[in-house]
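Hi everyone, thanks for coming. Today I'd like to walk you through the empty spaces in one protein model, so please have the viewer open.

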Amino acid sequence: MAFKIGLLGLGTVGAGTAEILLSPENRHPLLQELEIYRVGVRDISRSRSLQLPQNVLTTDLESIVTDPEIDIVVELIGGLEPARSLILKAIANGKHVVTANKAVIARYGSEIFDAANEKGIYVMLEAAVGGGIPVIQTLKQSLGQNRIQTVTGIVNGTTNYILTRMQTEGADFAEVLADAQKLGFAEADPTADVDGLDAADKIAILASLAFGGRIKLEDVYCEGIGQVSAADIDYADKLGFVIKLLAIARDNTSDGDRTGGESEQLSIRVHPTLVPKTHPLANVNGVYNAILVEGEPIGQLMLYGRGAGAGPTASAVVSDIMNIAAILKTETIPIPHPLLSCTHQHYCKIAPIEELVTRFYARFLTRDTPGVIGMLGTCFGDRKVSLESVVQTGIHGELAEIVVVTHDVREGNFQQAIDEIRQMESIDKVASILRVL
Ligand code: HSE
């Protein structure tokens with residue numbers, strides 16, 4: 001029996017997927033039962049190195065999702081539309097769907113999974129987060145027996161590449177970004193990556209799986225890396241940290257009273273973070289991704305690998321196709337597989353960022369006059385912000401540079417103190433504020 005695949009998109013990941021499907025030798029035998037039946041592209045006349053079967057190419061993507069012969073639609077065109085509509089149409093036509101589209105799943109997951117459940121269809125998304133890292137399957141199938149406490153990820157390769165180069169070269173953000181774009185490591189429009197939006201989509205998906213509920217994307221707090229300066233990276237280094245863009249989802253109820261908001265459950269956030277050099281995520285560099293899962297009774301588990309690129313992402317896509325094919329091959333009664341289908345409908349409660357309890361790093365430029373450090377200390381103390389360290393390292397012209405690291409503090413209290421500090425006459429500038437893991 002051959003399972004017929006309709007591929008939407010033949011870009012980097014689409015071509016990588018076709019390449020695996022066209023060369024099944026020395027891979028799992030199930031691959032020999034997968035047939036590329038139709039491939040939807042924008043331009044048929046474009047020259048391609050792939051040896052695709054004759055007449056599979058079409059520019060009519062709708063004809064693929066409605067084709068009665070096709071069993072599995074693989075959506076690799078990216079973007080919101082027409083991807084969302086094509087996925088929904090494929091489901092309505094009884095096709096199982098594999099997608100790498102984190103943006104669509106993070107925004108329209110409820111609509112898509114409700115439609116899929118109603119039709120008894122699988123929608124699989126291993127390639128949407130972490131490229132070749134099998135984190136979706138791990139959360140869905142391997143860790144469900146655990147109570148997950150946190151999922152902490154470096155899930156965006158572009159920003160990790162930029163931060164790693166800033167770290168090793170002492171260069172500033174804009175300079176490294178421009179070079180990364182020239183070298184093809186960053187998109188021409190890098191907004192989704194550098195502003196943390198791509199990572200926000202991904203942590204929303206991971207949190208949904210880890211904590212068994214739907215996540216509204218607007219509840220995910222998100223800051224990008226644009227504000228991280230070479231000076232911050234240098235101070236962080238001296239204090240024993242590296243700066244990483246972390247995507248963090250945490251069950252606040254799992255360790256008692258870390259947050260003030262008892263009725264809220266999760267906190268989900270993306271922001272540049274000072275990570276202790278001894279932490280397992282501190283040495284994840286360049287374009288690599290890693291996801292650290294902490295749960296009970298598993299303890300710590302870290303998955304590490306390539307988060308993008310044709311081969312790794314295609315590997316994830318084909319694993320989903322194989323999972324669906326395996327079910328179609330063995331199931332006589334089409335009951336949704338409880339570990340592969342979406343089984344939750346409720347939305348998780350997300351704590352507002354003000355309730356977060358974390359450590360902070362802050363850098364101030366101040367007048368070099370007596371009592372400035374004292375005033376900072378008093379202002380923080382009045383807001384119950386306890387300081388772990390205060391360092392005055394340099395003079396910039398007339399101004400002194402002061403760096404503080406706090407103990408764990410409620411974010412709302414810290415921000416109130418910062419608002420007051422901004423008003424102080426002796427403070428020239430709050431140059432940066434970063435959270436510390
Ligand atoms: N733009 C993503 C990244 C790759 O830089 O990690 C695909 O998710």
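A word on classes before we start: Ala, Val, Leu, Ile, Met, Phe, Trp, Tyr, Cys and Pro count as nonpolar, Asp, Glu, Lys and Arg as charged, and everything else, Gly included, as polar. With that in hand, the lining of the second largest pocket divides into 20 nonpolar, nine polar and five charged residues.

Let me step back to the model itself. What you see is a predicted model. Its average pLDDT is 94, and 97% of the residues score at least 70. One stretch to treat with care is residues 256-262, where the pLDDT is below 50. Beyond near neighbours in sequence, that stretch has nine contacts in the model.

Now the layout. The protein is divided into domain 1 (3-131 + 311-330), domain 2 (135-306) and domain 3 (355-436). Taken over C-alpha atoms, the centres of domain 1 and domain 3 are 51 Å apart.

There is also an open sheet to find on your screens. Its six strands come in the order 3-2-1-4-5-6, with parallel pairing. Strand 3 (57-58) and strand 6 (123-124) are the edge strands, each pairing on one side only. Strand 2 (residues 34-40) runs parallel to strand 3, and two bridges join them. If you want a landmark there, look for Val39, which stands opposite Leu57 in strand 3.

Back to that pocket. Its volume is about 620 Å³. Of the 34 residues that line the second largest pocket, Ile205, Ser208, Leu209, Cys342 and His344 are the closest to its centre. Helix 4, helix 5 and helix 9 (197-211) each supply at least two residues of the lining. And where does the second largest pocket lie with respect to domain 1 and domain 2? It lies between them, because both domains give residues to its lining.

Next, the enclosed spaces. How many cavities of 30 Å³ or more does a search of the whole structure find? The search finds two.

The largest cavity has a volume of about 40 Å³. Lining it are Met124, Leu125, Glu126, Ile136, Gln137, Lys140, Gln141, Asp320, Asn323 and Leu340. By class, those residues divide into four nonpolar, three polar and three charged. Which helix gives the most to this lining? Helix 5 does, with four residues. Helix 5 (135-142) and helix 11 (310-330) each supply at least two residues. Domain 1 and domain 2 both contribute to the lining of the largest cavity, so this cavity lies between them.

The second largest cavity has a volume of about 30 Å³. Phe113, Ala116, Asn117, Ile121, Tyr122, Val123, Ser341 and Cys342 line it. Helix 4 (residues 102-119) gives the most here, with three residues. What is the make-up of this lining by class? It has six nonpolar, two polar and no charged residues.

One residue to click on before we finish is Cys342. Cys342 lines the second largest cavity, and Cys342 is also among the residues closest to the centre of the second largest pocket. Helix 5 is worth a click too: helix 5 supplies residues to the lining of the largest cavity and to that of the second largest pocket.

That's my tour. Thanks for listening, and I'm happy to take questions.

Definitions and conventions: Residues numbered from 1 in each chain as written. Predicted model: local features only at pLDDT ≥ 70, side-chain atom pairs only at ≥ 80, totals over all residues. Heavy atoms only, no water. 1 Å grid on protein atoms, 1.4 Å probe; cavity = no way out; pocket = protein on both sides within 12 Å on 5 of 7 lines; lining within 4 Å. Points joined across faces, edges and corners; volume = space filled by probe spheres on them. Domains from an automatic or database assignment. pLDDT = per-residue confidence, 0-100. Contact = heavy atoms within 4.5 Å. Pairing = 2+ DSSP bridges.
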